[in-house]
Amino acid sequence: MLAQQAGCPILPCVAEGSGTALHGWKLNFNNKFRVKILPPVPADVVRETPLKEMAEKMHGLMSDAHAKMLREMEEEKNTK
């Protein structure tokens, strides 16, 4: 809704590893943290797409990208 109101594009991002980055109040420096920046959704597409439809689209896009990231990390782990 904020992007629609501001007339801005959306830059979807997914992350993995943040759940184990902290140990209590201490930062776990041995933690692997990955971030993937997905292609931007242009402002005109954001503006013209109904809010619920845009939310569902972003959720699906980001969920798929996160699942792919997990598969790639598992493959890397299995090849070592």
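**Core, loop and cysteines**

Once its neighbours within four places in sequence are set aside, Val41 is in contact with Pro9, Ile10, Val46, Met54 and Met58. The model in which these contacts appear is a predicted one, and its largest nonpolar core consists of 5 residues, namely Ala3, Val41, Val46, Met54 and Met58. Val46, Met54 and Met58 therefore appear twice in this picture, as contacts of Val41 and as members, together with Val41, of a set of buried residues joined through their side-chain atoms.

Met54 also leads to Thr49, which lies in the loop between α2 (43-48) and α3 (51-79). When neighbours within four places in sequence are again left aside, Thr49 is in contact with Met54 and with Gln4. The relative accessibility of Thr49 is 13%, and because buried means under 20% relative accessible area, this loop residue counts as buried.

The cysteines can be considered next. A disulfide is a covalent bond between the sulfur atoms of two cysteines, and the cut-off applied here asks for the two sulfur atoms to be within 2.5 Å. For Cys8 the closest cysteine sulfur is that of Cys13, and because the two sulfurs are 14 Å apart, they are too far from each other for a bond. Cys13, whose nearest cysteine sulfur is that of Cys8, is likewise in no disulfide, and the count by this rule comes to 0 disulfides. As for accessibility, Cys8 is partly exposed, with a relative accessible area of 34%, and Cys13, at 34% relative accessibility, also counts as partly exposed. Because a nonpolar core takes in only buried residues, neither of these partly exposed cysteines qualifies for one.

Terms used
Residues numbered from 1 in each chain as written. Predicted model: local features only at pLDDT ≥ 70, side-chain atom pairs only at ≥ 80, totals over all residues. Heavy atoms only, no water. Buried < 20%, exposed > 50% of the residue type's maximum accessible area, 1.4 Å probe, protein only. Core = buried A, V, L, I, M, F, W, Y, C linked by side-chain atoms within 4.5 Å. Contact = heavy atoms within 4.5 Å. Helix = DSSP H or I, 4+ residues; strand = E, 2+ residues; numbered from the N terminus.
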